[in-house]
Amino acid sequence: MRLAPTTIAGRLLLSAVLFVTAALVVAGVVLAFILHQVVSDQVDQRLQAQAASLVAALSIDAGGQMSIVPGLDGPPFDRRGSGWYWQIEAVDQTLQSRSLAGGSLKVPPPPFDWRHLFSNRPTATDTSDSNGRSLHVITVTSQLQGRPVTVNVSAPAAAISGPLTRALVWLLPSIGILGLGLIFATLLQIRVGLSPLRKLRLSLQDVRSGASARVPTAQPAELMPVVAELNALISENEERLASARLSLANMAHSLKTPLASLSLALSEAGRDPTGALQNLTGQIDTRIRHHLGRARADAGAGHGRSRTDVGSHLSDLTGIMDKIYRERRISLSFSVEPDLVAACDEQDFDELAGNLIDNAFKWASTSVAVTAVKASGKAVITITDDGEGIPQHAMSRVLQPGQRLDETVPGHGFGLSVSQDLVSLYGGSLRLEGEQGQGLQVTIELPAA
């Protein structure tokens, strides 16, 4: 199963999301660490100040007993069980804050902290009181009249975790909002950054539909080599198309001239009494035109840039057929959407539409209808006759070269196959609909220009 996006935009967005997520996680961890250090330092400074005040307030009387100036048990060291404690220890005497309420601080040896190797700052340690409350303790050692004195001052661990938690409650959502903002900004950046590619695609569509002959050269520097290669390819294909069409025209002329001479010779009295040779000559001429038309179409690499005014060409073709089949008194209905243009070569359009309109007039009983509209970016042309129609089982067979269902009507069976080949060449479609005895409807769809 493929998990990686298949588009450039998807890959850029995925990489941006991964990078932003990783960066924000690292930033969140670093900020949380910094906040913890800041809050811890503030609590440590408060405890150190209290310890310094206690040391300064210590005295020894004549009997060798320590005493302390009253008033150092102010808030918050006066609240019992608050976690804000102090305890002074000498060799044979201990002084405590009122908040300890007769308890004692059992302080383990402080852990090693490399940050305090080159400073006089005391190292903090963690312990707990008799109520199980977690404590953060600072230990200060001093000398009083030659006697060693240890001062322990504590704060509840909540004094650090509480402010840190409150800060993270705001910090983490802010980081999340920042991440969403960065991803949204990345989406905008991707859209703006890839917009030249979308414009290039539209320019290629214009070239393919015939609206433009070349891809515009006003492109970002990164796309200039691609545009230059595309325009060079278009020019090369046009040159090859022109050369191929010239060769095919020469071939058609060289073949049709002898055939015309042969047909003229056979038309002389006595040369072809039964008319069989003349009929074979007509078949050869039709097959040559069919295969030359296929070769000309297959050689065309630049047909997408051709444009045909559907209305004027259909009007000319129906007008010609109406005159040719005037004796049959066929009623013609004609409706074409104004300004309808097909992305098709004019000669190819005349050949495919002419074949189909000719068939409609040839097989119609009383009427032929020709309509053309634009739908979903396609030029949709419908040719309907009220003739005998085609059986469903024979629909596909009549699209094959040389296949005819009725030998009594003049023709060689190449009209539908040639039309289908030309329509397919331009990326369109040809569809036959109807029932035997209910007429035939031929629908052509060509790209609209």
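Which residue stands opposite Thr443 in E14? In this predicted model, the residue facing Thr443 is Arg431. That pairing belongs to the contact between strand E13, residues 429–433, and E14, where the two run antiparallel and are joined over five bridges. Arg431 has a second job to report: its side chain meets that of Glu433 in a salt bridge, at 3.7 Å from N to O. Both partners are partly exposed, Arg431 with a relative accessible area of 37% and Glu433 with 33%. The hairpin made by E13 and E14 has six residues between the strands, and in it Gly434 takes a positive phi near 140 degrees.

E14 itself spans residues 440–447 and is mostly covered, with six of its eight residues buried. Besides E13, E14 also pairs with strand E12 (residues 378–385), again in the antiparallel sense, this time over eight bridges. Ile383 is the residue that stands opposite Val442 of E14 in this pairing.

Following the strands onward from E12 leads to E11, residues 367–375. E11 and E12 are antiparallel and share eight bridges, with Val368 standing opposite Asp385 of E12. Two residues lie between the strands of this hairpin, and Ser376 takes a positive phi near 55 degrees there. E11 also pairs with E9, but here the sense is parallel, over six bridges. Ser333 has Ala369 of E11 as its bridge partner. Ser331 also sits in strand E9, and its C-alpha is 6.2 Å from that of Val368, although 37 residues separate the two in sequence. Is Ser331 buried, exposed or partly exposed? With a relative accessible area of 44%, Ser331 counts as partly exposed.

The loops on either side of E9 hold some backbone oddities. Ahead of the strand, Arg329 lies in the loop between helix H5 (310–324) and E9. Its phi is near 55 degrees, a positive value in a residue other than glycine, and Arg329 is exposed at 73% relative accessibility. On the other side, Asp339 is found in the loop between E9 and E10. Asp339 likewise has a positive phi without being a glycine, near 60 degrees. Asp339 is exposed, its relative accessible area being 77%.

Asp339 turns up again in the surface charge. Together with Asp309, Glu337 and Glu346, Asp339 makes a patch of negative charge on the surface. Glu337 is in the loop that runs between strand E9 (331–336) and strand E10 (341–342), and at 33% relative accessibility it counts as partly exposed. A patch of the opposite sign, positive, is formed by Arg191, Arg198, Lys199 and Arg201. Of these, Arg191 is placed in helix H2, which covers residues 158–209. Arg191 counts as exposed because its relative accessibility is 55%, above the 50% cut-off for that class.

The surface also has a nonpolar patch, made up of Val26, Val30, Leu31, Phe33, Ile34 and Val38, and together these residues offer about 510 Å² of accessible area. Ile34 belongs to helix H1 (residues 8–57). With 41% relative accessible area, Ile34 is partly exposed.

How many salt bridges does a search of the whole structure find? The search turns up three. One is the Glu433 and Arg431 pair already described in connection with E13 and E14. Another joins the side chains of Arg240 and Glu236, at 2.6 Å from N to O. These two residues are four apart in helix H3 (residues 224–266), so about one helical turn separates them. Arg240 is exposed, with a relative accessible area of 54%, whereas Glu236 is partly exposed, with 33%. Asp358 and Lys362 form a salt bridge too, with their closest N and O atoms 3.9 Å apart. This pair sits in helix H6 (residues 346–363), and because Asp358 and Lys362 are four residues apart there, the separation is again about one helical turn.

Notes
Residues numbered from 1 in each chain as written. Predicted model: local features only at pLDDT ≥ 70, side-chain atom pairs only at ≥ 80, totals over all residues. Heavy atoms only, no water. Patch = residues over 30% accessible without salt bridge, like charges linked within 9 Å, V, L, I, M, F, W, Y side chains within 5 Å. Areas by Shrake-Rupley, 256 points an atom, 1.4 Å probe, with all protein chains shown as cover. Salt bridge = Lys/Arg side-chain N within 4 Å of Asp/Glu carboxyl O. Lys, Arg positive; Asp, Glu negative; His and termini not counted. Charge placed at Lys NZ, Arg CZ, Asp CG, Glu CD. Buried < 20%, exposed > 50% of the residue type's maximum accessible area, 1.4 Å probe, protein only. Pairing = 2+ DSSP bridges.
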